[in-house]
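User: I'm new to reading protein models. Could you pick one part and take me through it closely, in plain words?

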Amino acid sequence: MRFSEAWLREWVSPALDTQALADQLSLSGLEVDLVEPAAPAFNGVVVGHVQSVEPHPNAEQLRVCQVDAGDAEPLGIVCGAANVAAGQRVPVATLGARLPGDLTIKRARLRGVDSAGMICSAAELGLAESADGILVLPADAPVGEDLRAWMALDDHCIELDLTPDRADCLSVAGVARDLGVLNRVEVQEPHIEPVPPAVQDLVPVELAAPAACPRYLCRVVRGIDPSAPTPLWMQERLRRSGLRPVSVAVDVTNYVLLELGQPMHAFDLARLDGGIVVRLARDSEDLALLNGETCALRAGTLVIADRKRPLALAGIMGGADTAVSADTRDVLLESAYFAPEAISGKARSYGLHTDSSHRFERGVDPTRCITAMERATALLTAIAGGEPGPVTAAVSAAHLPPAREILLRRRRIGQVLGLDLDDAEVTDILGRLGMQLTETDSGWRVRPPPSRFDVLLEVDLIADLARVHGYDRIPVTHARSAAATRAPLEMAYDPGRSRRLLLDRGYFEAVTYSFVPPELQALLDPEQPPLTLANPLSAELSVMRASLWPGLVQALRQNLARQQGRVRLFELGLRFRPCGDELHQEPMVAGTILGPVLPEQWGASGRDADFFDLKADVEALLAAAGCAGETSFVPARHPALHPGQAARIERAGRAVGWLGSIHPSLAARLDLPAAVQLFELATDGLGGAPRPAFTPLSKFPSIRRDLAIVVDESVPFEAIARSAREAAGELLRDLVLFDVYVGEKVDSGRKSVALGLILQATSQTLTDEDVAAVVARVLDALRTELGVELRT
């Protein structure tokens, strides 16, 4: 919401300067996002009267003007604007004037003719981004008057960043009401009288969707002057509020929207066919919009139609076919209340966002329609003439928002705020906010105004009391007893520990969007349908991620595009998976690596990271969680991972994650190197590890026996280690893999694996017979279960 400070002060003017006023609004919950001058600094510009315009003798594109700037003699000024004409009032920068951009006006000679000043455009004065010609002022502008003072340009534009619940402040009237309450100053509302009809023309209205539109008002105004200029004061208020003047009818409806918060629309009456029907769209209908786009309407969209076709997207945007043009003499003004539920999300679903939809989505005062209609009628007829007809009102009272009554207890105010407010202050604050109060034994029954869609509960009333009383005036109090705390489970998964471990291992943490491109999600996890958003931010972010991989892969690609050859990224976040009517949100940790194992250096030869490097990082994560001994890496196939270089991570038979190299075809489609490694773990499956227990160190020496065995290449080391540990029993302290050989000295399809068995007892020194018995059991188990042979 953007508005002029001067406009606001016409409604209410507390004894505060601009900065203090902005601070007060922010402290009351209406956050001021920006305060800036209404016009850049300039001086020496006055109102001039163009007395004559003659062609330049030496340049076809230039004109020589005689301009009365309030001095004894007129100024001779050379001007290149095509729209300059005799009789105009124009802004004139006199000699010595300083314009925006640090431009100083000096006497000049242009193609042989002296020029003693400059006739300015709105762009040259900083009042517009661009201009097609000079700025033409109203005919009654006083000649010689300082332009800055006459246009009241020493003003400020204030922009509020309102939360969605404060739709009642999306107007000058709403902000003025709150400011008046904060300062206990009366609000001076403009006097709006009903405009009596001059003709009896009526347009019938049918509410075919009363739940979506329970109130619709329209009014015929015949014989307006379409060429009538919008007054400069209205143009300036629109400009300072961020809107561009268009035409008198459009400008009046925009002005009422900013002033009262009621969106309105003006139709060209001659282009309507029959009466107005407020109905739901049909799937086969199209509508050409004011922005030049044509949208295919969907069933369920509320539209304003006549007897033959839709005319406008209700509460969002009008149609091009019935738009007011330079030839329009008869208009139909619209002022309606559309239910927020009927408008919410509809604009975004069509790729639109307008000032009207912004307000209707949040809630517009359903009682403001007639006031806005009378205000717009009075302004339009005063500026462009015309004869108004009577107001046509179609109302479904049963579908209007019902009046709400909320019980406010004195005791509850003290409990929530920590201070007791006087009854007089409570009634004064709420009364000034437009609420009706009825006193009861315990407090009050409060009826909020229809504009306050955010006041639903007792705490909402207390919040209003707090912000108006002043958050800075609420005393600081300390709890009288210690807050109850719950100690975390000792062996619960600790994301902070995983974060520190990965950072220590050279990773960088990434934080990516929960919304991802549907195409990328389908490539990385085609078997898991994602949740599609009803109102996405964009087509590229239209589904919820079912894995953390899409975000990490995008981050990886961005790093590669910026010539980062060594990338280590991880993320801790949620993945979202639909399950029937529910949405499961699972905490995950995922990562990706690419490039050299070590940064470039002289002390070690370069080697790119592979599957086993990433597996070591994952094993470190599992060890930090205390569940390394309970997990296994099972060879498996994943659509996004390389066949033969992928493993499903299981704990006690339950899948908790995946690890592997990216699939070559997927890497080619995403323009990634084939050496990209990925992992993902569900952290819910990593907690609850056995609590560590102290084991006394043995006083007796350990003994090591090395074995070289030959086994099929397809047998993983994990199977060998598990069989050996089970056969060795309690005497086995550690099992070391120190060599793997595949070559000429072993049969094809077989590999040589060298193991180190470290044996130790806690109660005696092991004898050679004890060690030989353990080695024999291990070899027997390996032969029986895996078909190994002892290599000689």
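Analyst: Here's a walk through one helix pair, with a quick stop at a sheet and a single residue afterwards. Keep in mind that this is a predicted model.

Let's start with helix H6, which covers residues 248–260, and helix H10, which covers residues 369–384. Their axes lie 9 Å apart, and the two helices pack at an angle of about 140 degrees. Angles over 145 would count as roughly antiparallel, so H6 and H10 are oblique to each other. Their crossing is right-handed. So who's touching whom? On the H6 side the contact includes Val 248, Val 252, Tyr 255 and Glu 259, and H10 brings, among others, Ala 372, Arg 375, Leu 379 and Ile 383. Sort the whole contact by class and you get 12 nonpolar residues, one polar and two charged.

Now for the sheet. Five strands line up in the order E12-E15-E18-E19-E20, making an open sheet with mixed pairing. At the edges sit E12 (205–207) and E20 (317–318), each pairing on one side only. Further in, E15 (residues 276–280) and E18 (residues 302–305) pair in the antiparallel sense over four bridges. One example to look for: Arg 279 has Val 303 of E18 as its bridge partner.

Last stop: Val 67, in strand E4 (residues 59–68). Val 67 has a relative accessible area of 0%, so this residue is buried. Beyond its neighbours within four places in sequence, Val 67 is in contact with several residues, including His 49, Leu 75, Val 92 and Ile 119. Val 67 and Gly 87 are 20 residues apart along the chain, with 9.6 Å between their C-alpha atoms.

Conventions. Residues numbered from 1 in each chain as written. Predicted model: local features only at pLDDT ≥ 70, side-chain atom pairs only at ≥ 80, totals over all residues. Heavy atoms only, no water. Axes fitted to C-alpha atoms, helices over the stretch in contact; angles between N-to-C directions. Parallel < 35°, antiparallel > 145°, perpendicular 65-115°, else oblique. Left-handed = near helix turned anticlockwise from the far one by under 90°. Contact = heavy atoms within 4.5 Å. Nonpolar A, V, L, I, M, F, W, Y, C, P; charged D, E, K, R; others polar. Pairing = 2+ DSSP bridges. Buried < 20%, exposed > 50% of the residue type's maximum accessible area, 1.4 Å probe, protein only.
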